[in-house]
Amino acid sequence: MGLIYGYDIYLRPRNVARALANLAALAPPGRAVPPLEITLPSGERLVLPFTSRFKSEPVDCSTSSTLELDTSLMFDVDDALREYAQTGGPQPEADGRIRIGYIYATIRFESLLHPGYTSVECWAATSGMSRLFARSANIRKVFTGLTADSGGVCCLFDTGDGAPEQVCWLNGEPTQEMVCGPRFPDRRALVASWSDSEN
């Protein structure tokens with residue numbers, strides 16, 4: 001099994017629709033998939049330019065704890081993305097952005113860290129993309145920006161192997177702290193720091 005790196009965004013359930021709309025805004029223009037209709041647990045309905053488990057049938061999340069999305073997203077080119085393109089990856093578009101796909105997004109309506117928060121977990125599909133997630137400042141910027149724009153409280157860079165995660169956005173500010181580090185000895189301490197935490 002290869003590397004599975006991702007960015008995990010934590011936000012209140014009331015902000016899920018906004019987060020998914022912001023994620024959809026990052027999709028390549030004219031992506032050739034039928035629109036995907038989603039009904040959230042709140043009853044709110046969205047149409048997204050993605051698939052769910054590689055299908056485009058409507059998805060009703062009213063009785064589900066998770067939503068799986070298959071996405072392709074656009075990022076501004078930086079040195080890491082340029083190098084990726086030169087070694088067989090997708091080429092930059094005319095606007096200076098590059099599409100990366102597949103990125104698998106798992107939305108947990110009750111996150112594993114705290115049931116009062118939803119997590120949007122965006123995972124790289126390949127080991128090469130995982131390394132790119134680790135190296136590209138612009139990929140990190142997109143996910144921390146998505147956290148900020150969606151009213152999220154925290155964004156973690158997760159290597160998926162049980163190692164400590166890196167906190168890269170917290171309560172409105174970029175940061176570089178480690179879970180299991182001096183400031184956050186464990187995940188409970190991290191959650192307790194969230195600005196709207198209801199302990």
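## The chain as a whole

The secondary structure of this chain adds up to five helices and 10 strands. Keep in mind as you look around that this is a predicted model.

How does the overall size fit with that of a compact globule? For 199 residues, such a globule would have a radius of gyration near 16 Å, and the chain agrees with this, at 16 Å. Taken along the principal axes, the C-alpha atoms fill a box of roughly 45 × 40 × 30 Å.

Now for the inside and the outside. Of the 199 residues, 49% count as buried. The chain exposes about 9700 Å², and carbon and sulfur atoms supply 50% of that area. Contacts also link parts of the sequence that lie apart: among contacts with a separation of 6 or more, 54% are between residues 24 or more positions apart.

## Helix α1 and its buried face

Let's begin with helix α1, which covers residues 16-24. Which of its residues are buried? They are V16, A17, A19, L20, L23 and A24. Looking down the axis of α1, you would see these buried residues within an arc of 160 degrees, so they line one face of the helix.

What covers those residues? The cover includes several strands, among them β1 (6-11), β3 (45-48) and β5 (66-76). Strands β6 (97-108) and β7 (118-124) also take part, as does another helix, α4 (137-149).

## Strand β8, enclosed on both sides

Next, find strand β8, residues 154-158. Five of its five residues are buried, so β8 is largely enclosed by the rest of the structure. Try following its side chains: C154, L156 and D158 point one way, while C155 and F157 point the other way, and all are buried.

Strand β8 has partners too. Five bridges join it to β1, and these two strands run antiparallel. One pair to look for here is G6 with its bridge partner in β8, D158. Four bridges join β8 to β9 (residues 166-170), again with the strands running antiparallel. Here you can spot C155, whose bridge partner in β9 is W169.

## A sheet of three strands

Elsewhere you can pick out an open sheet of three strands, in the order β3-β2-β4, with mixed pairing. Its edge strands are β3 and β4 (59-60), each of which pairs on one side only.

How do β2 and β3 run relative to each other, parallel or antiparallel? Strand β2 (residues 36-39) is joined to β3 by four bridges, and the two run antiparallel. Within this pair, I38 stands opposite L46 of β3.

## Cysteines without disulfides

A disulfide is a covalent bond between the sulfur atoms of two cysteines. How many disulfides does a search of the whole structure find? The count is zero.

C154 is in no disulfide: the nearest cysteine sulfur belongs to C155 and is 7.1 Å away. Sulfur atoms count as a disulfide pair within 2.5 Å. For C122, the closest cysteine sulfur is also in C155, at 8.5 Å, too far for a bond.

Are C122 and C154 buried or exposed? C122 is buried, with a relative accessible area of 0%. C154 counts as buried as well, at 0% relative accessibility.

Key: Residues numbered from 1 in each chain as written. Predicted model: local features only at pLDDT ≥ 70, side-chain atom pairs only at ≥ 80, totals over all residues. Heavy atoms only, no water. Buried < 20%, exposed > 50% of the residue type's maximum accessible area, 1.4 Å probe, protein only. Arc of directions from axis to C-beta. Contact = heavy atoms within 4.5 Å. Pairing = 2+ DSSP bridges. Rg over C-alpha atoms; globule rule 2.2 N^0.38 Å. Areas by Shrake-Rupley, 256 points an atom, 1.4 Å probe, with all protein chains shown as cover.
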